[in-house]
Amino acid sequence: MSEQTASKRKYPSFYERTIPVAIWTLVVIIVIMLVITIGVGIGYFH
Amino acid sequence: MTVVNTLFPFVSSITTFVFAFFVFKRYRERNTGHLLLWGIGLIFYAIGGFCEAYFGAFGWNDLIYRMWYLFGAILVAAWMGQGTVYLLAKQRTAHVLMGLLLIGSLYGIFKVFSAELDPSLLTTSTHTGSELSGHAIVTSGVRSLTPIFNLYGVITLVGGAVYSAWIFFRKRVLLHRTIGNILIAIGAILPGFGGAFSRFGIPGALYIGELLGAILLFAGFVRATTPMKVREGQMVEPAAS
């Protein structure tokens with residue numbers, strides 16, 4: 001399958017809508033957690 | 001003794017032991033390094049949960065506390081994350097990082113087992129000593145190890161899972177792996193959330209976060225390794241051109 005063909009494939013619509021939201025939400029959370037952990041010393045600090 | 005500080009970590013421990021069994025089983029079938037490291041990391045997770053449950057049920061024990069701090073607080077995330085490094089990074093890079101992790105882990109073992117402890121200091125935590133925390137460690141230079149290991153763990157394990165999910169999503173292939181990796185990322189981040197809320201003084205937050213994390217990690221692994229039956233016509237193919 002070529003890259004061009006692959007890029008035109010679609011997941012079922014429910015997943016097309018929800019997966020990007022989930023991924024970007026996780027990215028934001030990771031960044032916030034890292035900032036908090038490094039900056040304030042909580043979360044991953046026992 | 002409460003349900004939250006005994007039963008929850010006990011269930012976390014059982015869940016991750018069972019999860020580790022399936023990961024090691026898959027490792028025997030496939031012989032890939034990342035599965036071995038995930039399995040080891042999960043055993044660490046299970047030991048941490050067991051120690052928390054033991055403390056909740058029977059109270060202070062010096063060895064149990066040291067094991068909890070070493071496996072549950074310092075090593076678990078980093079070793080699981082190292083598995084993801086072997087999955088995604090070049091082997092040479094993974095080997096170098098593995099070497100550093102081994103050296104760091106040996107240093108951690110030395111520091112934890114040579115540290116001076118004072119169980120009465122647990123009561124200075126926000127939960128009046130009903131849950132395990134690092135407060136009982138008197139010796140300096142021990143508690144400062146946890147953010148280093150755990151930052152490495154969260155970047156590699158959670159970051160790796162998010163990255164994998166994004167790659168599968170971008171190519172619109174293997175939907176089960178996209179979903180599985182998202183669940184793994186959420187599961188891996190939940191204990192960190194629990195730790196954060198625990199530090200803000202919410203009782204049971206760490207143990208609840210660990211339990212939900214264990215369940216979601218397991219669910220994510222099962223989802224990622226079990227192809228989905230996408231019904232004919234659900235997957236939209238490119239229009240003929």
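Chain A has 2 helices and 0 strands, in a model that is predicted. Chain B has 7 helices and, again, 0 strands. Residues from both chains enter the largest nonpolar core, in the sense that helices of chain A and chain B each supply at least two residues of this core.

**Chain A**
- Of the 46 residues in chain A, 17% are buried.
- Helix H2 of chain A, spanning 13-40, supplies at least two residues of the largest nonpolar core.

**Chain B overall**
- The order of elements along the sequence of chain B is α-α-α-α-α-α-α.
- Chain B has a radius of gyration of 19 Å, close to the 18 Å given by the globule rule for 241 residues, so chain B is as compact as a globular protein of that length.
- Along the principal axes, the C-alpha atoms of chain B fill a box of roughly 75 × 40 × 30 Å.
- Buried residues account for 52% of the 241 residues in chain B.
- Of the contacts in chain B between residues at least 6 apart in sequence, 68% link residues at least 24 apart.

**The largest nonpolar core**
- This core holds 79 residues, and Phe44(B), Leu75(B) and Ala185(B) have the most contacts inside it.
- From chain B, helices H1 (3-30), H2 (33-58), H3 (62-88), H4 (91-114), H5 (145-171), H6 (175-199) and H7 (205-224) each supply at least two of its residues.
- Setting aside neighbours within four places in sequence, Phe44(B) is in contact with Phe71(B), Leu75(B), Val76(B) and Trp79(B).

**The pair H5(B) and H6(B)**
- The axes of H5(B) and H6(B) come within 8 Å and cross at roughly 160 degrees.
- Angles over 145 degrees count as roughly antiparallel, so H5(B) is roughly antiparallel to H6(B).
- Their crossing is left-handed.
- On the H5(B) side, the residues making the contact include Val154(B), Leu157(B), Ala161(B), Ala165(B) and Phe168(B).
- On the H6(B) side, they include Thr178(B), Asn181(B), Ala185(B), Ala188(B) and Gly192(B).
- Ala185(B) thus appears in this contact and is also one of the residues with the most contacts inside the core.

**Phe218(B)**
- Phe218(B) lies in helix H7 of chain B.
- Phe218(B) counts as buried because it has 21 C-beta neighbours inside 10 Å, where the cut-off is 20 or more.
- Not counting residues up to four places away in sequence, Phe218(B) touches Thr15(B) and Phe19(B).
- Phe218(B) and Tyr27(B) are 191 residues apart along the chain, and their C-alpha atoms are separated by 15 Å.

Definitions and conventions:
Residues numbered from 1 in each chain as written. Chains lettered and ligands numbered in written order. Predicted model: local features only at pLDDT ≥ 70, side-chain atom pairs only at ≥ 80, totals over all residues. Helix = DSSP H or I, 4+ residues; strand = E, 2+ residues; numbered from the N terminus. Buried ≥ 20, exposed ≤ 12 C-beta atoms within 10 Å, placed from the backbone. Core = buried A, V, L, I, M, F, W, Y, C linked by C-beta atoms within 7 Å. Contact = placed C-beta atoms within 7 Å. Rg over C-alpha atoms; globule rule 2.2 N^0.38 Å. Axes fitted to C-alpha atoms, helices over the stretch in contact; angles between N-to-C directions. Parallel < 35°, antiparallel > 145°, perpendicular 65-115°, else oblique. Left-handed = near helix turned anticlockwise from the far one by under 90°.
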